[in-house]
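Hi,

Here is the structure I promised to pass on. Have a look at it first, and then read on for what turned up in it.

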Amino acid sequence: MSVELDVFVGNTTIMDQEVYQLWLSGYTVGDAVKVRMDGGVLDGCDASAEVLRSDTMDQFRTFQMCERLLHNPAKLANQLLFQIPPDRQAMLIDRYYAFDDAFVREVLGKKLSKGTKKDLDDVSSKTGILLKSCRRQFDNFKRVFKVVEELKGPLVENIRQHLLLSDRLARDYAAIVFFANHRFETGKKKLQYLTFQDFAFCAGELISHWTVGAMDNQLEDMDVDLDKEFLQDLKELKVLITDKDLLDQHKSLVCTALRSKTKVFAEMEASFKNLSRGLINIAAKLTNTKDVRDLFIDLVEKFIEPCRSDRWVTIDVNLYLTHYINSAHILDTFKHQAVWNSLWDELFKMLTDIQHVTVCFLVKMGMVASGASAAAEGTRATAASSEEPVPVHPTQFTTSISFSFRDMLNVGCRAWPHSGSQAC
Amino acid sequence: MPGKLKAKIVAGRHLPVMDRASDLTDAFVEVKFGNTTFKTDVFPKSLNPQWNSEWFKFEVDDEDLQDEPLQITVLDHDTYSANDAIGKVYIDIDPLLSSEAATVISGWFPIYDTIHGIRGEINVLVKVDLFNDLNRFRQSSCGVRFFCTTSIPLCYRAVVVHGFVEELVVNEDPEYQWIDRIRTPRASNEARQRLISLMSGELQRKIGLKVLEMGGNAVVGYLQCFDLEGESGLVVRAIGTACTLEKLSGGGATNNAQHTANSSPSKDMKEPVFGDECPSNPLSSGPSTPLRAPPFTSFSPSKSYSRQSSSSDTDISLTPKTVLFPARLCLYLSPSSPALSSVAPPISCQTSRPPGSGMAPRSTTPPPSHVAQSEVSMLRKSVSFSEDMLLAASGMGSGGSAGKEAGPLKILLRQQTQTALEQREFPFFTLTSFPQGFLLHVAGVVSARSVKLLDRIHNPDEPETRDAWWEELRQEIKSHARALGCHAVVGYSESTSICEEVCILSASGTAAVLNCRFLQDGCLDVLSEHRCDDSAPPGCGFCHVPYDELNMPFPAQLSPCCCCHRTKVPDVLFTTIDLPTDAQVTGKGCLIQARLCRLKKKSQGEGNATCISNLLPFLEYELHTQLLNKLKLCGMNALFGLCIQISVGENMLVGLASATGVYLSALPSPGGIQIAGKTPNDLTYDQHVSSIQRKINDTIVKNRELYEIHITEVAEDVIGSPIPEPRQRSRLFRSHSESSDELSELDLSHGKKDAFVLEIDDTDAVEDLHSLLTDAPTPPGFYSCNTEIMPGIYNWTSAIQMFTSVRVFRLNNANLTNLGLNKIFNELCENLLKSLYFKLRSMVPCCLCRLNFTVAVPEDELIQVAVTAVAMSFHKDQTQEANKAAQAHSQMKAIAETEEQLQFPLELNAESASPLSPKGSGPQDGSNSHGRAPSVDYSSFADRCSSWIEQLRLRAHTIRRGSIKTSSSPLPEGRSRSLRSTRSFPGSSVSVVKMTPLSFIPGAKIVKYLGIINMFFIRETTSLREEGGVSGFLHAFIAEVFAMVRAHVAALGGNAVVSYSMKECVFMENPNKNQAQCLINVSGDAVIFTRESDQEGHLPQTSHPQPTEDTPP
């Protein structure tokens, strides 16, 4: 005796959010039933496990049938097969495209290719996320990538419109697409302490300031690719380290400004040349795709780690970079060379971004240093502030810095998608 | 006579990729009607083609218009090879043929392929220009309207109810033609779909002609069925009730609304306030049929044929009335009682009797010569057996006279009606609820079954054999009704179950006495005139027995009516109709089901038929016993909507009886059930017995509480005490073939009987009891019924959820006993119900209405159960009812007013009319708009405005649809993209269509009936596993069927389907070959409704999106 066939079809498609989540997480029917039982769905109902199983199977089947439509969310809205109220549709789509931070961290910056897909079982065993769910998430990335690849206009907006995703998800996907496109290296051990949200923030900054769309500020342009011209221009920055006079001048300007403002002044003074060299070299090499990929690892190795070994805290770094940029601005050479003036703005953009990024990284690092590694994303600020000499709340600090820079540089062309609070 | 059909193909979307190389499709469309075909241009390389074709015009006879569907085929153009079909859309244009229904069909239709399912959608516009045909000899019947609803449709009034119409057409099943061997499954399926579509069209047309002949203009309660007889052919048959309907004017609507609202409070909640959804329009009164289920009585198994005429039955005596053995035996077995001449001729099924002679034959034995003759021609298969449930054989014989000798009070009326009805061959009505005053008395369920051997239909043009079969059955029903002193049968339906070459035909209905005035003209004065004769208050009148107490057709226990104390009522009442709206009911109702499986030897041909014939009476008897026991267990005394299905399989018979139990205030309180052991000496046994007894008593008490049956007035009958005094006992016998000899010893025909005694003399009985007690009660917050309305629940919310659930159960156990089988079947049904309750738990408190179970035995060891029902949630707080009713009243009034206002301004111009809307009372205000507005209470004012606006919007919408001067060009890519720019969920672009098996939508007002939906689909797969196995396959198919129904309704401009039902769901699989096939037939009425109370309803949603996508800009 066995139930050979068992279906339930409602005129309005019935979906249980909890079951949907289980399905998305890649549970088998049997496991899902167990989870639901433990969750107590049956409490208060006079129903057996069999009933629960039948219900779960049924819903899983419904989701499976919907999956085809979810691959093209716009279709879900005007398909006729399932009658689903609009708010439910939104829920279905959002949940379907939601992803696990742990998973995305593993594939971020990797090529969304078959090869990567084959390695998903490793990812699955590493993260504890079921393979089925990994595959769905990976395919989502790929799908979104494919959809927006050829589209013009702002990336986030494109994703939101074509996939009907919520703002937050659209922004995250933009980051994923951006990283996948440039294949930024994020998997190195040294970068492990950074979460997806950290990278997403960086991506947001880079998209806003470094891409073609950001430069021309015209909707028709692409948001995905870095502005080649800008990268080329960055080479000119080399003068800051190659020209001995300029370097010294710059150093003295920065030191004057910093003197007595920080406890680690001595170290700053000592490592100025090193750090400056590190930064400018990174910037100058960005025309090289390989070096673009290594942007984050380079930043960590060439700038953040030295700072850290000198026991700088976030605020010091911020201060340092602020003045570093400021002083460069007022360097005589630059003042008088009209050609450079416009260029300089761009350089600042890059540096500002680097500042943001590094500050962000540093804050994370501070967290690691202070041993509060278990602290969640949201408590980053607190974790950082637990480090001894931080006088100002880093969040406030970055915010103020970033704004002052924008004023200074007249970079007001584009609102920063991530406000300071999200940055740190 | 001719009409001009015009079709325009606008666009397609979501087409499948047909060209692997480019991942695109070069689609074009063929539009075919009759023998004419048009083609659109090829729209190259797109999955969203914009054909925007010209108008394709077909000039055709209206006869063809009725028969033929418009066939739209979407193909992929291929330069080098044959074009590939993507899929088809069949559009039934019948709704366009009536002036009152839809005017245009316009919308997105799913493109359906029998192998792949839905593959994209196509936007089509269809219109018809019809010329009037006054030719008396015409073959068409355009304009006759069809309704599936088994009551007078809500916005109509019945002027005359003409009566029964039936028709059947037969043809060869394409699946079994020789050509099927060489064509693809797709071609074969399509041929079948097309043929059935043609046949239903033809059937409707023919029925329409009959209606016109009778002077009617509509068919209500239209029930169409398919019999897939396999090798022997395909039968499409339909029955219905011809009526002359009149559209209610605004004024009428007002009356109606007020009426309903008024009466509800006064009836002290006996009457559900559904706004105007009560099933019939001038306030329906219900017909109710009491089915009397008197204590059981004898039952004569076909084997022995011993029967006592005294004990002969009652409602369900399953007396095999006629048993026809194979002709070679030439044996007539007739019930022993000499009075009963009800022996049908053997082989009568084979003789094609001219319809005219149909009346008498049933109860008279035909001359042997006749038999002989027919034998010659039909020797091959000649087993016919028919037996009837409600009527004893004795009833039949004396039936005619019983009616005439009825109580003196009624004679006059009776005679009057009799004459009206007697002219008719079959005074049958497929309606289940009636206008008030129509139904006078109800006597009980009458039913008849016969087993036939199928024979190849040789000449499709002469379906006489099948006709004759049904004719016989109807005659039998008619004579049963007569025996009950009734001249009419209401709630009539017919069904078949086919297994191989054996077919069981069943017909059942409720014997009733009707008010003849409705059958002629001028029903309106009925209410006033009729009162005198029907002295009983409306709440109990229908329960009064129509037959004479002294001359009862069967032994029954009558007692004075508990409401009026003037007339006699039976102790139990079984009916196939809905609960009359004015019936007085105590407490709530519940679903009562009797389930039974019987093993049967596998055999062939005649032997098989005989075997089934022999089993049937036992099966029915037991079903009836179970029903009665369960009814008692619930503490109730009447069953409504009784539907007994018997399905035949190769090695078993499955019986499922469903009904809604209620406690009718007019009927005496039901007695309890007493358990008696046969071996009283055994002490432990006694204990066992008493513990069971205790359990039963407890259950009864619990159930009474659950269903809120509080009997206030304690009559002299023993109430609530399940144990009657010994001499009052009657016995309820379980019938087993083994115990059949005992039956004759029982004398059940006298004495007052309050309680049943269940004798647990064998293990079977214990099991039976067990199953009786193990029926799980519905979980808290849930109620269920299989009728339209649930007594005791009035305040529905607008949340409804229609669903279909199908289960197939495999019995792996080869050596099952009857008992084991029963248990499994019982569990299957119980689990199914439990699953439903679990699934719908979020809607609590809610009621599952119109729970319609269908059982089938598709294969050797498979049992299939399909359920369609609607879950409707209601407000828990019953105390607010009074307020609600009052509110509803005022609201309805308001709406009625608005309705009135609407009448003309709207026709002129929706725009200009709108400013008038807020105005309030009376159409005249139209001109001086500030008139009385201030005096209007604001809340209701607001309500009125918005509902008015809603209506307006709706109409405007329809008007817009009506005038299609512009071509509808769906938006170009760019624009649609920009429209969607914000995260607007274009859930918008698909209109919401509600579906319900009921004839109304709670909280809403049906403003227009757009036409009947009657669709037949076949789906087949050769990649079963890939589609998710049988469940995945069927799940997808049912979802597709829903989608297609919704799309058709939306295209007609409707937003709901009422009286939806799934008539057929035939599922066949062959897992070894990875194949499966399924056939589904659904029907319903497409309607437009507007929300009465809550504005957030669907209309804005529905109509809003249309301009962008659906309708011509």
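Let's start with one residue: leaving aside its neighbours within four places in sequence, which residues is Q224(B) in contact with? Before the answer, please keep in mind that this is a predicted model. The contacts of Q224(B) are S200(B), L203(B), V236(B), R237(B), A238(B), N1014(B), K1063(B) and N1081(B). Q224(B) also has E494(B) at 9.6 Å in space, C-alpha to C-alpha, although their positions lie 270 residues apart in sequence. Is Q224(B) buried or exposed? Its relative accessible area is 1%, and the cut-off for buried is under 20%, so Q224(B) counts as buried.

**The strand around it**

Q224(B) sits in strand β11 of chain B. That strand covers residues 218-228, and 9 of its 11 residues are buried. What does β11(B) pair with? Strand β9 (residues 145-146) of chain B runs parallel to β11(B) and is joined to it by 2 bridges, with R145(B) standing opposite A218(B). Strand β12 (residues 234-247) of chain B runs antiparallel to β11(B), and here there are 9 bridges. If you want a pair to find on screen, L223(B) stands opposite I239(B) in β12(B). β11(B) and β12(B) make a hairpin with 5 residues between them, and G230(B) in the turn has a positive phi of about 70°.

**Cavities**

How many cavities of 30 Å³ or more are there? The count is 19, and the largest cavity has a volume of about 510 Å³. Its lining is made up of 33 residues, and Y90(B), D92(B), S197(B), N1014(B) and M1015(B) are the ones nearest its centre. You have met N1014(B) already, among the contacts of Q224(B).

Which elements give two or more residues to that lining? In chain B they are α1 (62-67), β6 (84-91), β7 (105-113), α2 (185-214), β35 (1004-1021) and α19 (1029-1051). α2(B) gives the most, with 7 residues. By type, the lining of the largest cavity has 18 nonpolar residues, 9 polar ones and 6 charged ones.

β7(B), one of those lining elements, is mostly covered, with 9 of its 9 residues buried. β7(B) pairs with strand β8 (residues 117-130) of chain B in the antiparallel sense, over 8 bridges. These two strands form a hairpin with 3 residues between them, and D113(B) has G117(B) as its bridge partner in β8(B).

**A sheet with helices on it**

Further along chain B, 4 strands form an open sheet with mixed pairing, in the order β23-β25-β26-β24. Why do β23 (573-574) and β24 (585-599) of chain B each have one side without a neighbour in the sheet? They stand at the edges and each has a single partner strand, so one side of each stays free of a neighbour there.

Strand β25 (residues 638-648) of chain B pairs with strand β26 (residues 652-664) of chain B in the antiparallel sense, over 9 bridges. In that pairing, the bridge partner of Q645(B) in β26(B) is L656(B). Helix α10 (residues 605-633) of chain B packs on the sheet and touches β23, β24, β25 and β26 of chain B, with its direction at about 150° to that of β24(B). Helix α14 (residues 818-839) of chain B packs on the sheet as well, touching β24 and β26 of chain B, and its direction makes about 140° with that of β24(B).

**A few backbone oddities**

Most residues other than glycine have a negative phi, and most peptide bonds are trans. Where are the exceptions worth a look?

- The peptide bond from V844(B) to P845(B) is cis, with omega near -5°; P845(B) lies in the loop between α14 and β32 (846-856) of chain B.
- K45(B) has a positive phi, near 45°, and is not a glycine; its place is in the loop between β3 (36-39) and β4 (56-61) of chain B.
- E500(B), not a glycine either, has a positive phi of about 55°. E500(B) is in the loop between β19 (488-499) and β20 (502-514) of chain B, and is exposed, with a relative accessible area of 56%.

Cheers

Notes. Residues are numbered from 1 along each chain as its sequence is written. Chains are lettered from A and ligands numbered from 1 in the order in which they are written. This is a predicted model: local features need pLDDT of at least 70, side-chain atom pairs count only at pLDDT 80 or more; totals for chains, interfaces and linings use all residues. Side-chain values use heavy atoms; hydrogens and water are left out. On a 1 Å grid over the protein atoms alone, a cavity is a set of points where a 1.4 Å probe fits but cannot get out, and a pocket is an open set with protein on both sides within 12 Å along at least five of seven lines; lining residues have an atom within 4 Å of a point. Grid points are joined across faces, edges and corners, and a volume is the space filled by probe spheres set on the points. Ala, Val, Leu, Ile, Met, Phe, Trp, Tyr, Cys and Pro count as nonpolar, Asp, Glu, Lys and Arg as charged, and the others, Gly among them, as polar. Buried means under 20% relative accessible area, exposed over 50%, partly exposed in between (1.4 Å probe, protein chains only). Two strands pair if DSSP finds at least two bridges between them. Contact means heavy atoms within 4.5 Å. Axes are lines fitted to C-alpha atoms, for helices over the stretch in contact, and angles run from 0 to 180 degrees between N-to-C directions.
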